[in-house]
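Q: I'm new to this one. Can you walk me through it, starting with the strands?

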Amino acid sequence: MKQSRASIRYAKALLQLSVERNNMEASYKDMLLVDSVCASSKDFAQLLKSPIVKTDHKLNIIKRLFAENIGEVSMLFINIIVRKKRESLLHSIAKSFINLYKSHNNIETVVVKTAKPISKELKEEIFSYIKSANKTNIELKQVVDEKIIGGAIITIGDMQLDASITSEIAELRQVFNKNLYLQDY
């Protein structure tokens, strides 16, 4: 999802407000919740984008949904977003805030894609190796994708280490597709 300028600006405003009120961790957890609800519920995402549903009705639904699970600062912020008729950007704002929080706290997201779930020991070994190499805080996410057959694909920021069986097979296929047999006439 590409984030618009408006959603980035709103996310920066929430980050600044959270820093001023010494409430960053709570706001981060709140935006993770908003992001997961928007991503998992298509109906909720459609509701936020719908021009037919009135603003007050949307605000009541959001308050019922998040009132007990979100802090006061985040709820006031969401209230402002909805009152300004920017609720369609709420998911994008949450994603932008999460990214800004991670860059503010020097957290690098590392995605490890494997064919089967990895053991806890191997996950900790990968975590410690990457942490020693990068000198930043690491957030490790594991993705299981049976299409890679075996091995792993590790993505750190914009770098990717592909040690999967699928990529090895693709490289072999390219080698065999070359005509290595030359005839002398």
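A: Sure. Keep in mind that this is a predicted model. It has an open sheet of 4 strands, in the order β2-β1-β3-β4, with mixed pairing.

Q: Which are the edge strands?
A: They are β2, residues 137–144, and β4. Each of them pairs on one side only.

Q: And how much are neighbouring strands turned against each other?
A: By 15° on average, with direction ignored.

Q: How do β1 and β3 pair?
A: In the antiparallel sense, over 5 bridges. β1 covers residues 107–114 and β3 covers residues 151–156.

Q: Which residue in β3 is the bridge partner of Val110?
A: Ile156.

Q: How many bridges join β3 to β4?
A: There are 6, and the two strands run antiparallel. β4 spans residues 159–164.

Q: Who stands opposite whom there?
A: Ala152 stands opposite Ala163 in β4. Gly151 has Ser164 in β4 as its bridge partner.

Q: What sits between β3 and β4?
A: A turn of 2 residues, so to speak: the two strands form a hairpin with 2 residues between them. Gly157 is in that turn and has a positive phi of about 60°.

Q: Changing topic. Which residues of the largest nonpolar core touch the most other members?
A: Met31, Val34, Phe44, Ile62, Phe66, Ile78 and Phe97. That core has 32 residues.

Q: Which helices supply it?
A: At least two residues each come from α1 (5–20), α2 (24–40), α3 (42–49), α4 (55–66), α5 (72–83) and α6 (90–104).

Q: Which helix gives the most to this core?
A: α6, with 7 residues.

Q: Is there a general idea behind such cores?
A: In soluble globular proteins, nonpolar side chains tend to be buried together.

Q: Back to Ile78. What is it in contact with?
A: Met31, Val34, Ile62, Ile70 and Leu90, leaving aside neighbours within four places in sequence.

Q: What about a second core?
A: There is a separate one of 8 residues. Its members include Ile118, Ile126, Ile154 and Ile156. You met Ile156 earlier, as the partner of Val110.

Q: One last stop. Where does Glu87 lie?
A: In the loop between α5 and α6.

Q: Is Glu87 buried or exposed?
A: Buried, because its relative accessible area is 6%, and buried means under 20%.

Q: What does Glu87 touch?
A: Leu48, Lys58, Ile81 and Val82. Residues up to four places away in sequence are not counted.

Terms used
Residues numbered from 1 in each chain as written. Predicted model: local features only at pLDDT ≥ 70, side-chain atom pairs only at ≥ 80, totals over all residues. Heavy atoms only, no water. Pairing = 2+ DSSP bridges. Core = buried A, V, L, I, M, F, W, Y, C linked by side-chain atoms within 4.5 Å. Buried < 20%, exposed > 50% of the residue type's maximum accessible area, 1.4 Å probe, protein only. Contact = heavy atoms within 4.5 Å. Axes fitted to C-alpha atoms, helices over the stretch in contact; angles between N-to-C directions.
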